[in-house]
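Open the structure in your viewer and keep the selection tool at hand, because this tour moves from one selection to the next. Take your time at each stop before going on.

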Amino acid sequence: MAVDPAKLEQFMGRIVGDMGSAISAALVVIGDQLGLYKAMAGAEPLTPAELAARTGTAERYVREWLCAQAAGGYVDYDASSGRFRLNDEQTMVFADEQSPVFAQGGFQVLTALFKDEPKITAAFRSGKGVGWHEHDPALFVGTERFFRPNYNANLTSSWIPALEGVEQKLRAGARVADVGCGLGTSTVIMARAYPRSTFVGFDYHEPSIVRARAAAAEAGVGDRARFEVSRAQDYPGTGYDLVALFDCLHDMGDPVGAAAHVHQSLAPDGTWMLVEPYAGDRVEDNLNPIGRLFYSASTMVCTPASLAQEVGLALGAQAGEKRLRDVLTQAGFTRVRRATATPFNLVLEVRR
Ligand SMILES: C[S@@+](CC[C@H](N)C(=O)[O-])C[C@H]1O[C@@H](n2cnc3c(N)ncnc32)[C@H](O)[C@@H]1O
């Protein structure tokens, strides 16, 4: 051992910061559950007692929570008045459900991962999978809430227009399948934007499909968006003009089988929009904050989910475009084009 004290100090400084971030996650969820952030959004700077009174919570807890939030830069503190406020950027991240950077869903997911840790630890030993459905339900609602701002911001304004001729078809009236649709948010967003088209969302997870049906009814698109419990490898129907898979191909045990099924379900000139987590092809391309998030989620959720299904290919959430192309080619597709990308997603246009 030849420990460099300066390096060690720097590293420990980082670890203390990381531990602070990790423990803050529980506090963020508490603030979300109790409406603390929302009560601060747009309000004048508040004392702990004022925030407690507005949210029906106990002042002593709120005071400690606010101090922790201020120490992490999640709220601002004015020492001269002893008051706390949420600035505009913090409001967008913590309080505004419509903002493109609303992050509460991500924190909700983290609570599920901590609860599920014993299952994943056991799976490391056994090598067996842990199905998506075996996770704490906070994963399902947290994932939906985490992805929704991204889909609201990009799906109909950027991703669909980036596909050749698809927007035109959807405006005129097309048949669309959203496979691995989860709670159906992407399906509902598309159904709202393209009222002449018809949409069917498929997912093997029944509780998600039940919620998706309710979401479509609530959004007033129940006439054109329906949902069925079905697997990507054998969902019903053919002749789809557009098949979409959002952030789910890598979760499947048999992505080649799923891709082959998409192939046969598409209309001859149909398009598959494949949205996957953004990743470079090499490990070293992904050793950055987003790669850290995705590799971690992949260890806890995506890789075990795939290993729990037949074949168990376990692509992982950082498969990268080259590996995805291999899957698509094996399934019989000949035309694959990167239509667009965001820091979080790769959007591939896949045709026969
Ligand atoms: C990360 S979630 C994404 C959900 C949704 N597409 C979204 O973007 O919010 C992955 C989804 O894939 C679904 N899934 C996993 N394997 C599947 C399979 N073989 N067939 C159908 N759905 C599957 C899960 O049930 C889960 O809803």
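Two strands are said to pair if DSSP finds at least two bridges between them, and with that in mind you can read the sheet of this predicted model. Select the seven strands that form an open sheet, and follow them in the order β5-β4-β3-β6-β7-β9-β8, where the pairing is mixed. At the edges stand β5 (225-229) and β8 (335-341), each of which has a single partner strand, so one side of each is left without a neighbour in the sheet. If you ignore direction, neighbouring strands of this sheet are turned by 20° against each other on average.

Next, select β8 together with β9 (residues 345-351), which pair in the antiparallel sense over six bridges; here A341 has L346 in β9 as its bridge partner. Then add helix α10 (residues 206-218), which packs on the sheet and touches β4 (198-203) and β5, with a direction that makes about 170° with that of β5.

Now turn to the ligand and show the 19 residues around it, of which Y151, G180, D203, F246 and Q309 come nearest. By class, this shell has nine nonpolar, six polar and four charged residues.

Which atoms of D203, Q233 and F246 should you look for beside the ligand? In D203, a side-chain N or O atom is 2.6 Å from an oxygen atom of the ligand, while in Q233 a polar side-chain atom lies 3.1 Å from a ligand nitrogen atom. In F246, by contrast, it is a backbone N or O atom that lies 2.8 Å from a nitrogen atom of the ligand. The protein covers 96% of the 590 Å² of accessible area that the ligand has on its own.

Methods:
Residues numbered from 1 in each chain as written. Predicted model: local features only at pLDDT ≥ 70, side-chain atom pairs only at ≥ 80, totals over all residues. Heavy atoms only, no water. Near = heavy atom within 4 Å. Polar contact = N/O pair within 3.5 Å; in protein donor to acceptor, adjacent residues only side chain to side chain. Areas by Shrake-Rupley, 256 points an atom, 1.4 Å probe, with all protein chains shown as cover. Nonpolar A, V, L, I, M, F, W, Y, C, P; charged D, E, K, R; others polar. Helix = DSSP H or I, 4+ residues; strand = E, 2+ residues; numbered from the N terminus. Axes fitted to C-alpha atoms, helices over the stretch in contact; angles between N-to-C directions. Contact = heavy atoms within 4.5 Å.
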